[in-house]
Amino acid sequence: MTVPLRQRRRAAAIREILDAARDDIAAHGPAGLSLRSVARDLGMTVQALYHYFPSRDELITALITEAYHALADAVESALDAAPDSGLPGFVVAAEGFRTWAIEHPAQFQLIYGTPLPHYQAPADGRTTAGARRFGGLFVRELFAEFTEEQLTRVEFPPLSPELGTHLAALPQEAAGGLPPSAVAAFVSAWGHMHGLVVLEVFGHTAFIGPGQAEIFRGAMLNLVADLRRRVPAG
């Protein structure tokens, strides 16, 4: 079915606006995003830009949504491209995450940097759909080989009753259906992986030089091995 010309033109204009906004973020940082600057770069008025994005928040929402889905695509592609690499799937997914972050630092800063002042994400979940996608992939690659009974007995410092109750009540999309101790273990693993990527993207591990990829892989292999030791035998 042929898409009407008007819709194609609108889609092309939206694509140009998003690309220009990403360039603006790369040059000035997420907090420096300016609709006036984006419009000027495209040779259009701010009023014309409002026809496609009624507010700065709408443009930011579109950029965040797109960035999360691009990151999810990168993680999926890494897993699809390395089915027989011999590496644990979690390590492959983590390296896909890291590569995308390094190659797209401005977009990574937009979704994982300092929260933008005065921006309020919509309640419909658009901005987090992509994050749920790759979050599910990491959960799968870390825990798929274990049974639910094993995961209920993951070795982790005892959770307080309040925290255990809270984690048990999390919705499926937030906790992947994991028992509380496994959720806690996953958050710890995620924080380790994500923290190393943040340090690298923001230049805090530049002193390691070209060995950063090797350090990261070693850390991820240790993380997976440590988790496997914490899960009791079936």
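User: Against which helices do the buried residues of α6 pack?

Analyst: In this predicted model, local features need pLDDT of at least 70 and side-chain atom pairs count only at pLDDT 80 or more, while totals for chains, interfaces and linings use all residues. Residues are numbered from 1 along each chain as its sequence is written, and side-chain values use heavy atoms, without hydrogens or water. The buried residues of α6 are Ala106, Gln107, Phe108, Leu110 and Ile111, where buried means under 20% relative accessible area, exposed over 50% and partly exposed in between (1.4 Å probe, protein chains only). With helices taken as DSSP runs (H or I, at least four residues) numbered from the N terminus, and contact as heavy atoms within 4.5 Å, these residues pack against α1 (5–28), α4 (56–81), α5 (89–103) and α11.

User: Is tyrosine 112 buried, partly exposed or exposed?

Analyst: Tyrosine 112 belongs to the contact with α11, alongside Pro105 and Phe108 of α6. Its relative accessibility is 22%, so tyrosine 112 counts as partly exposed.

User: How many residues apart in sequence are phenylalanine 97 and tryptophan 190?

Analyst: Phenylalanine 97 is buried, with a relative accessible area of 0%. Its aromatic pair with tryptophan 190 is edge-to-face, at 5.4 Å centre to centre and 80 degrees between the planes, given that rings of Phe, Tyr and Trp (its six-membered ring) pair if their centres lie within 6.5 Å, with planes under 30 degrees apart stacked, over 60 edge-to-face and the rest tilted. Phenylalanine 97 lies in helix α5 and tryptophan 190 in helix α11, and the pair links parts of the chain whose separation is 93 residues.

Definitions and conventions: Helices (H or I, at least four residues) and strands (E, at least two) are DSSP runs, numbered from the N terminus.
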